[in-house]
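Student: I would like to go through this model with you. Could we start with the overall form and then move to individual residues?

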Amino acid sequence: LWTGQFSDIRIKLNESLKICVNWIKRIVELTSRFWISTGVARKWKSGKWADSGLLQLKKRLSEIFLLRSQHDELLRLLSPEDQKRLNVEATFKPFRNINSLHCGSKYSQEEWEESQKQYDTNLHPIEGEIVSKLRKEIFAEHLSPTQLLREFRRWRGLLD
């Protein structure tokens, strides 16, 4: 999750999210429609059921996807030399020390939140460099409003 190219990871994360979403839909469908019908030998009586662990996993996968996609956008603004100088490889180190997909306990949630804080700390000098580059790229030239809007759309993920 944290060492490969984002183009490869993105595909796997998207597929994992699709599986979670479909699994959640099937659970709701089975517990709210099919298993409550009278023709079933063992009738479901508890109403709709949601698997909290599966919902937490879906949320975690979404968070990982967001982190990785934002990181990928940041890297597009840095040259390979800048990436090496700013030690970009080390930004994901806090996540490499934990099982990022383990999200079923209070301890693992605390671990995840602490790793996010450390990631933010690691990212701070990189963001400073990127802000200065982005300012130069957007505001240095005399851009028309249309060109300026195009630049803002191009970097929308970073500006959110």
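Student: What radius of gyration does the protein have, and what would a compact globule of 160 residues have?

Tutor: The protein has a radius of gyration of 21 Å, but a compact globule of 160 residues would have one near 15 Å. The radius is taken over C-alpha atoms, and the globule rule is 2.2 Å times the number of residues to the power 0.38. Along its principal axes, the C-alpha trace spans about 70 × 40 × 25 Å.

Student: Before we continue, what conventions apply here?

Tutor: This is a predicted model, in which local features need pLDDT of at least 70 and side-chain atom pairs count only at pLDDT 80 or more, while totals for chains, interfaces and linings use all residues. Residues are numbered from 1 along each chain as its sequence is written, and side-chain values use heavy atoms, with hydrogens and water left out.

Student: What pLDDT does the protein average?

Tutor: The average is 84, and 92% of the residues score at least 70; pLDDT is the predictor's confidence in each residue, from 0 to 100. Among the elements, helix 4 (residues 93-96) has the highest mean, 91, and helix 7 (residues 156-159) the lowest, 68.

Student: How many helices and strands are there?

Tutor: The protein has seven helices and zero strands. Both are DSSP runs numbered from the N terminus: helices are H or I with at least four residues, strands E with at least two.

Student: Which helix bends, and where?

Tutor: Helix 5 (residues 106-139) bends by about 40° at H124, and the proline P125 follows within four residues. The bend is the angle between axes fitted to the seven residues ending at a position and the seven starting there.

Student: Which residues of helix 5 are buried?

Tutor: They are S108, W112, S115, Y119, L123, I126, I130, L134 and I138. Buried means under 20% relative accessible area, exposed over 50%, and partly exposed in between, with a 1.4 Å probe and protein chains only. Across the protein, 26% of the 160 residues count as buried.

Student: How much area does the protein expose?

Tutor: About 11100 Å² is exposed, and carbon and sulfur atoms supply 53% of that area. Accessible areas come from the Shrake-Rupley method with a 1.4 Å probe; for residues, only the protein chains shown count as cover.

Student: Turning to aromatics, how many pairs are there?

Tutor: The count comes to eight aromatic pairs. Rings of Phe, Tyr and Trp (its six-membered ring) pair if their centres lie within 6.5 Å; planes under 30 degrees apart count as stacked, over 60 as edge-to-face and the rest as tilted. One of the pairs is F92 with F95, which is tilted, at 6.4 Å centre to centre and 55° between the planes. Both F92 and F95 are buried.

Student: Why is the pair of F95 and Y119 classed as tilted?

Tutor: The planes of F95 and Y119 lie at 50°, with the ring centres 5.6 Å apart, so the pair is tilted. This pair links distant parts of the chain, as F95 is in helix 4 and Y119 in helix 5, 24 residues apart. F95 has a relative accessible area of 0%, and Y119 is also buried, at 3%.

Student: Which residues form the aromatic cluster?

Tutor: W2, F92, F95, W112 and Y119 form one cluster.

Student: And H71: is it buried or exposed?

Tutor: H71 is buried, with a relative accessible area of 6%, and lies in helix 2 (residues 52-76). Leaving aside neighbours within four places in sequence, H71 is in contact (heavy atoms within 4.5 Å) with V88, T91, F92, Y119 and L123.

Student: What does R154 contact?

Tutor: Apart from neighbours within four places in sequence, R154 is in contact with E73, R76 and E137. R154 is found in helix 6 (residues 145-154) and is partly exposed, at 41% relative accessibility.

Student: One last residue: what is the phi of N87?

Tutor: N87 has a positive phi of about 55°, although it is not a glycine. N87 sits in the loop between helix 3 (80-85) and helix 4, and its relative accessible area of 45% makes N87 partly exposed.
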